[in-house]
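This report covers side-chain contacts and a metal site. Please view the sequence and the structure before reading on.

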Amino acid sequence: MKLFNCQACGQMLYFENRVCERCGHRLGYLPDDDRMHALEAEGEAWHALGAPQRLYRFCANAEQDACNWLVPAGSEEPLCAACRHNHTIPDVSDAQALAQWRKIELAKHRLFYTLIKLGLPLANRSDDPDSGLAFDFLGDPAPGASEGPVMTGHANGLITLALSEADDGERETRRTRLHEPYRTLLGHFRHEIGHYYWDRLVRDEDRLEAARALFGDERQDYAAALQRHYDQGPPPDWQQSYISAYATSHPWEDFAETWAHYLHIVDTLETAHAFGMHVRPAVDPTGDLSGRVDFNPYRHGTIADIVDAWLPIAFAVNNINRSMGQTDVYPFILTEPVIAKLGFIHSLVGADRATGT
Ligand SMILES: [Zn+2]
Ligand SMILES: [Zn+2]
Ligand SMILES: [Zn+2]
């Protein structure tokens, strides 16, 4: 993600900030120009500092403190570009559900930052009632109910996320039980949206053969493949050609896992780029672990450029995390077959962009 600062006082901001901590200006993100704006009130509406001719209001979800994005004041749409995809949100009178939903929205807005930046198709259910992108954020049924717990997943554009995934203890319990090195809300979104874009960009765009050559034949029985994965686990040599153990379960899951990693890497590299990060370890005679991010990975670079920039940064940040007693930021290994799959996704999302810096 890029860095934002307050137009009124210069304070550096987080994407999630609502108010500038230094000067007190109200803040809002406008996806149209990819900027965080310091705002001044004008009646019921707001305008960006120094630009009184354009009026905005906040997304309706700002009322629940679940969104800080802006909508043009004249728009008929009450919700912002990210929130208009919400199909089911929890009962906001339930304090626990509201707190979980807010955490989910933080992750979802970061997802949308990336999707918009990559120029990916974003039809919602009003644009495309059958398969537009939509989200159900669902709480588990009461104990003793006939239906089981909510399963996170994707079907025909509808992404379901269990509210319980926003509970850190619950999510960590599942991560441990499933032997996963990484489990986050943002990771869930980046994975599930991968299934959505497989439908849009692979199936609907006639790229099935090219995808099968890398990920395998997705026509194999999905339910049986998942059952086999849960019964037998991944093949022993899975790390040679898959980014995660779960990616071995079915070609759709391999695609979604690899897609998630593409978004992880590109967005984290943009942050490193925005900070001018440059790593040059003292003990690196070959220079293999030295690198700088001298391009914006959302706009430029081949997959080789992206991976070359990523490896030294990921290694450095993993080490910094270990110094703080934290787990690795990026506990994964990129092998040549995995890089080839990432390259396929790079070509899907950025077919027409320039290479180089
Ligand atoms: Zn400020
Ligand atoms: Zn919103
Ligand atoms: Zn999946």
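## Charges over rings

In this predicted model, the charged end of R26 is placed over the ring of F58, at 4.0 Å from the ring centre. A second case involves K341, whose charged end sits over the ring of Y242, 4.2 Å from its centre.

## Aromatic pairs

Searching the whole structure gives 23 aromatic pairs. One of them joins F4 and Y29 in an edge-to-face arrangement, with 5.9 Å centre to centre and 85° between the planes. F4 belongs to strand β1 (residues 4–5) and Y29 to strand β3 (residues 26–30), so this pair ties together parts that are 25 residues apart in sequence.

F4 and Y29 are both buried. They also belong to a cluster linked by ring pairs, which includes F15, W69, Y113 and Y298 as well.

## Zinc site

The zinc ion (ligand 3) has three named residues as protein donors: H191 through NE2, H195 through NE2 and E253 through OE, lying 2.0 to 2.1 Å from the ion. Along the chain, the donors of this zinc ion follow the spacing H-x3-H-x57-E. Helix α3 (residues 185–203) holds H191 and helix α6 (residues 251–274) holds E253, so the pair ties together parts that are 62 residues apart in sequence.

Are H191 and E253 buried or exposed? Both H191 and E253 are buried, which means that each has under 20% relative accessible area.

How values were computed: Residues numbered from 1 in each chain as written. Chains lettered and ligands numbered in written order. Predicted model: local features only at pLDDT ≥ 70, side-chain atom pairs only at ≥ 80, totals over all residues. Heavy atoms only, no water. Phe/Tyr/Trp six-rings, centres within 6.5 Å; stacked < 30°, edge-to-face > 60°. Helix = DSSP H or I, 4+ residues; strand = E, 2+ residues; numbered from the N terminus. Buried < 20%, exposed > 50% of the residue type's maximum accessible area, 1.4 Å probe, protein only. Lys NZ or Arg CZ within 6 Å of the ring centre and 35° of its normal. Donors = N, O, S within 2.8 Å, 3.2 Å for Na, K, Ca; no water.
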